[in-house]
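Reader: I am new to this structure and should like to understand the reasoning behind the terms used to describe it. May I put some questions once it is shown?

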Amino acid sequence: MSQPRKRVLLLVTPSSYRSGAFAAAAERLGIEAVQGVDVPPTLAAEWNVPLGLDFADPEGAARAIERYAGAQPVDAIISVDDSATVLASLASRRLGLPHNDPEAALAARDKLPMRRLLAAGGVPVPEFAAYPATSDPQALAADLSYPVVVKPTQLSGSRGVIRADTAEEFVRAFARTRQVIEYAGQPAEGAEILVEEFLPGFEVALEGLLDAGQLRVLALFDKPDPLDGPLFEETIYVTPSRLSETTQRAIADCTAAAATALGLRTGPVHAELRVNERGPWLIEIAGRSIGGLCSTILEFGTGFKLEDLILKQAVGESLGEVSREGGAVGVMMIPIPRGGLLKRVEGLEEAEAVPGVTGIEITARLNHPIVPLPEGASYLGFIFAQGDSIDAVEDALRQSHERLSFVIVPEIRLAVTREAARARP
Ligand code: ADP
Ligand code: CA
């Protein structure tokens with residue numbers, strides 16, 4: 001007799017990039033995947049969503065998951081991105097499934113408790129201080145040592161993260177970050193803004209899996225474009241890293257120490273670190289896997305994707321030895337050069353034809369507004385590449401990107417048209 005199929009609950013938002021990748025992995029592994037979607041329960045029935053959950057109310061949503069699982073038991077609960085990591089841990093605790101403590105899940109999403117726990121745990125982090133977002137930056141500016149980085153505590157994707165080299169720049173950056181927080185739908189009252197020492201250095205991202213507190217490194221990405229500000233747009237990720245074995249080990253140790261300091265014990269982690277002559281420094285560690293469509297380029301053992309490994313571990317299957325296959329690979333998150341309406345993408349064929357490029361996905365929708373940093377929360381799309389060497393992969397991504405051109409028209413035209421219409425007799 002075959003074992004009963006395992007069932008996992010995937011927590012997704014309607015805008016999650018990764019639902020498809022997780023669903024495909026579940027299918028490959030013979031695991032049943034059910035989606036818990038962040039939609040108002042009233043709409044859930046209408047949209048034919050089996051389980052609608054309000055992610056903004058994690059306690060209530062955790063109870064709803066418990067009721068659901070009473071009728072249809074689940075073996076694991078996975079948040080596909082940052083949006084429901086706390087909910088996944090609360091619900092897993094109710095159901096007695098392996099999980100991170102909700103406090104750890106929260107600290108992995110909120111940069112202020114994260115900084116405090118990392119510093120207390122002896123993990124190298126920049127000097128930091130937090131101020132109410134409603135503070136007068138003029139009053140703070142004189143006491144800071146520049147350069148600093150100003151950032152929201154609860155956003156992601158570099159939104160509102162701004163470098164300031166002088167008091168004057170700080171005053172502007174602080175005000176701008178406060179605007180970004182409000183733009184993201186959070187009232188400035190009650191919000192805090194983090195001000196950190198700017199850490200110079202080379203940046204990497206580590207993709208890992210925690211199992212009973214032990215970190216397994218799945219991939220270490222270099223970010224070869226300098227990230228020196230004033231904004232910190234993500235662009236190219238390549239792996240394997242060009243850094244020495246010794247430095248890579250130090251990065252892994254620093255990440256493991258960070259997970260321990262936060263209390264993260266199980267499931268995927270995505271960490272970002274800066275490396276300089278004083279060693280690795282923890283920028284942040286999240287209790288989720290890499291975002292966007294970046295995981296597409298990762299392959300392990302015999303044809304497993306990152307999502308397969310996450311699912312297998314979550315349902316308690318042993319992973320054995322896993323190592324990344326596929327040689328040098330890379331992805332470029334295509335930044336939004338300016339705001340407006342995306343009308344057209346030109347040069348796609350030429351960009352796809354660059355040797356080494358394995359695919360391009362334009363994820364921004366045509367005729368929809370696109371918003372650049374510091375407010376914007378998305379990319380135009382992704383370029384994927386594979387090659388004989390890291391240099392070749394990086395080159396392919398750059399050449400491909402050069403061949404793409406994005407026709408973006410100012411959104412203002414719409415307003416003008418409307419005004420013109422109104423002005424008509
Ligand atoms: P987010 O969650 O929005 O990605 P991060 O804290 O990871 O916010 O910051 C985004 C980027 O800004 C980082 O990847 C890094 O390049 C840069 N950055 C953030 N904090 C610092 C710092 N203290 N020193 C130097 N660069 C920083
Ligand atoms: Ca980050």
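Reader: How do you know that a backbone N or O atom of Gly157 makes a polar contact with ligand 1?

Author: The model is predicted, and in it a backbone N or O atom of Gly157 lies 3.3 Å from an oxygen atom of ligand 1. A polar contact is a pair of N or O atoms within 3.5 Å, so the pair qualifies. Two side chains also take part: a polar atom of Glu203 lies 2.5 Å from a ligand 1 oxygen, and an N or O atom of Arg274 lies 3.3 Å from one. Taken alone, ligand 1 exposes 540 Å², and the protein buries 98% of that.

Reader: Which elements give two or more residues to the shell around ligand 1?

Author: They are strands S6 (148–152), S8 (192–197), S12 and S13. By class, the shell has 9 nonpolar, 3 polar and 10 charged residues.

Reader: What makes Glu272 and Glu284 ligands of the calcium ion (ligand 2)?

Author: Their OE atoms coordinate the calcium ion at 2.1 to 2.2 Å. For Ca, donors are N, O and S atoms within 3.2 Å, so both residues meet the criterion. Glu272 lies in strand S12 (residues 267–276) and Glu284 in strand S13 (residues 279–286), so the pair ties together parts that are 12 residues apart in sequence. Both Glu272 and Glu284 are buried.

Reader: Why is Ser158 called buried or exposed?

Author: The relative accessibility of Ser158 is 17%; buried means under 20%, and therefore Ser158 counts as buried. Ser158 lies in the loop between S6 and strand S7 (162–164), and is among the residues that come nearest to ligand 1.

Reader: How is Asn48 classed, and why?

Author: Its relative accessible area is 69%; exposed means over 50%, so Asn48 is exposed. Asn48 is placed in the loop between helix H2 (41–46) and strand S3 (51–52).

Reader: What makes the phi of Asn48 worth noting?

Author: Asn48 has a positive phi of about 65° although it is not a glycine. Most residues other than glycine have a negative phi. Ser158, likewise not a glycine, also has a positive phi of about 65°.

Reader: Why is Ser323 called partly exposed?

Author: Its relative accessibility is 41%, which is neither under 20% nor over 50%, so Ser323 counts as partly exposed. Ser323 lies in the loop between helix H10 (306–314) and strand S15 (324–325). Leaving aside neighbours within four places in sequence, Ser323 is in contact with Glu299, Phe300 and Gly301.

Terms used
Residues are numbered from 1 along each chain as its sequence is written. Chains are lettered from A and ligands numbered from 1 in the order in which they are written. This is a predicted model: local features need pLDDT of at least 70, side-chain atom pairs count only at pLDDT 80 or more; totals for chains, interfaces and linings use all residues. Side-chain values use heavy atoms; hydrogens and water are left out. Donors are N, O and S atoms within 2.8 Å of the metal (3.2 Å for Na, K and Ca); water is not among the atoms, so sites may look incomplete. Helices (H or I, at least four residues) and strands (E, at least two) are DSSP runs, numbered from the N terminus. Buried means under 20% relative accessible area, exposed over 50%, partly exposed in between (1.4 Å probe, protein chains only). Contact means heavy atoms within 4.5 Å. A residue is near a molecule or strand if one of its heavy atoms lies within 4 Å of it. A polar contact is a pair of N or O atoms within 3.5 Å; within protein, one must be able to donate a hydrogen and the other to accept it, and residues adjacent in sequence count only if both atoms are side-chain atoms. Accessible areas come from the Shrake-Rupley method with a 1.4 Å probe; for residues, only the protein chains shown count as cover. Ala, Val, Leu, Ile, Met, Phe, Trp, Tyr, Cys and Pro count as nonpolar, Asp, Glu, Lys and Arg as charged, and the others, Gly among them, as polar.
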